[in-house]
Protein chains: 2
Amino acid sequence: MPLYYQLSQQLEAAIERGRLAPGSLLGNEIDLAARLGLSRPTVRQAIQSLVDKGLLVRRRGVGTQVVHSQVKRPLELSSLYDDLEAAGQRPATRVLRRTPRPATAEVAAALGVAEGAEVLLLERLRYAHDEPMAYLRNHLPADLIDCDSERLESTGLYRVMRAGGITLHSARQSVGARAATQEEAGRLGEPDGAPLLTMERVTFDDTGRAVEFGSHVYRASRYSFEFQLLVRP
Amino acid sequence: MPLYYQLSQQLEAAIERGRLAPGSLLGNEIDLAARLGLSRPTVRQAIQSLVDKGLLVRRRGVGTQVVHSQVKRPLELSSLYDDLEAAGQRPATRVLRRTPRPATAEVAAALGVAEGAEVLLLERLRYAHDEPMAYLRNHLPADLIDCDSERLESTGLYRVMRAGGITLHSARQSVGARAATQEEAGRLGEPDGAPLLTMERVTFDDTGRAVEFGSHVYRASRYSFEFQLLVRP
DNA sequence: CAGGTCCGATTGTCAGGACAAATGCTTGAC
DNA sequence: GTCAAGCATTTGTCCTGACAATCGGACCTG
């Protein structure tokens, strides 16, 4: 484990436990490095990673201060399944459909394949505490992974992809709202015309290839997106 | 202007213009540094900033590759006014209310002030192309800035804050949806019960002080949040 | 007392060097 | 022909050293 990483972990833990009070100075980098027996660049790298996380603020001529907390976790490309699990919500999935199908113009554009080319259509219902939570509709390139329904019911799509050797890199998302159709309302246990939270997402791996196009709807009465943003300096 | 910044700008421009093709190797850092007359750490710092932006991918033993694009701009703490302006949407604002008022329990908790303490309530209607777009309701600490209605109508709240010497640092957001009340529907020109996109946000400055608590509703028929996410490694 | 000026403290930038770790290709053995 | 070992390439980590830019307070001056 790299030294700068160990140090940043220690500092983060110290901040978390209140051993480093919010607003307090961290002590200058030169002394800190000498005291730890490290070089200044190494110490700087550790500090920088915490600055990027929003836990610290640097000011030239002044020092490095612990930010007055409230920072929990910045927005990351997360899986609904993992989020629910982390929140202790007992997530579960029912696979409604898993079938090849020719790509429509919209899907083809999103995935960067030819219109009419075969893609895998996935329709799932996601539960939390045995209550329906979201209706998930995904399109994947046909030959990307073999995702049997069994594995998809016991975990999230992203975990299946990662296990299949795909390195997720970035995603383009769009979050909106609309009224539920009759069919959607029935599936999710909402009244007709109830407001739904919608999310469209195209996910890319580190070669820039689109690996997933998702069109999801969430019950607005039971779900909202929560996240933390940092100002990029 | 720092050297590493100049270099990262040049590289970014080269990628943008296609002079560096997606998927192509960048050439090893040692040669690059020698060719440019820079040290390797400087070159690495420039490359690292583009990796953080999602434009490049590094692989030990292989090299640094240009990612297959699609990356536009990562999610940042942005102002609706600036976003609309950047999209050429002719933003405009009408200030409906600007009045001191004692903080409710919810507002007090969000801003970290005492319940009943005086805060500034701000209600605005945001237009795009002369069409109502969103109803913005903000609470600010009473003595934070003097924001006359005039300035608020000609620009966004964040710009007023920055001009007042406040350094924005982070925000905690929550995005959801619900049906419009009769009053909201009337104000926004939507039918009763129309789905609305909601956003709550507490914004902090770099000392950790809460500087704003906003509860906004957007016409779902005319607005959605679009952003780009990167996987944090 | 008010205002500007200087100075110490601290982070920001940059150079140059050394070794470790991972990757992919080549080479060699069976 | 196939598989494994080795080697070159490239990024990852870490060190030392130096100077610049900025901030805040102390100090001096009017």
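This note reviews the protein–DNA contacts and one sheet of a predicted model.

1. Basis of the values. The model is predicted: local features need pLDDT of at least 70, side-chain atom pairs count only at pLDDT 80 or more, and totals for chains, interfaces and linings use all residues. Residues are numbered from 1 along each chain as its sequence is written, chains are lettered from A and ligands numbered from 1 in the order in which they are written, and side-chain values use heavy atoms, with hydrogens and water left out.

2. Surroundings of DNA strand C. A residue is near a strand if one of its heavy atoms lies within 4 Å of it. There are 24 residues around DNA strand C, of which Arg58(A), Leu3(B), Ser39(B), Thr42(B) and Arg60(B) come nearest. Sugar or phosphate accounts for 70% of the atoms of this strand within 4 Å of the protein, and bases for the rest.

3. Phosphate contacts of DNA strand C. Polar contacts here are pairs of N or O atoms within 3.5 Å. The side chain of Ser39(B) places a polar atom 2.7 Å from a phosphate oxygen of the strand. For Arg58(A), a side-chain N or O atom is 2.9 Å from a phosphate oxygen, while Glu29(A) contributes a polar backbone atom at 2.9 Å.

4. Elements near DNA strand C. Helices (H or I, at least four residues) and strands (E, at least two) are DSSP runs, numbered from the N terminus. H3(B) gives the most to this surface, with three residues. Elements supplying at least two residues each include strand S1 (56-59) of chain A and helix H1 (3-16) of chain B.

5. DNA strand D. Of the 24 residues around DNA strand D, Leu3(A), Ser39(A), Thr42(A), Arg60(A) and Arg40(B) come nearest. Sugar or phosphate makes up 72% of its atoms within 4 Å of the protein. Phosphate oxygens of this strand lie 3.2 Å from a side-chain N or O atom of Asn28(B), 2.9 Å from a backbone N or O atom of Glu29(B) and 2.9 Å from a polar side-chain atom of Arg58(B). H3(A) provides the largest share of the nearby surface, three residues.

6. The sheet. Two strands pair if DSSP finds at least two bridges between them. An open sheet of seven strands runs in the order S3(A)-S4(A)-S5(A)-S8(A)-S7(A)-S6(A)-S9(B), with antiparallel pairing. Its edge strands, S3 (91-102) of chain A and S9 (225-230) of chain B, each pair on one side only. Within it, 11 bridges join S6(A) to S7(A), and Gly176(A) has Thr198(A) as its bridge partner in S7(A).

Note on methods: Polar contact = N/O pair within 3.5 Å; in protein donor to acceptor, adjacent residues only side chain to side chain.
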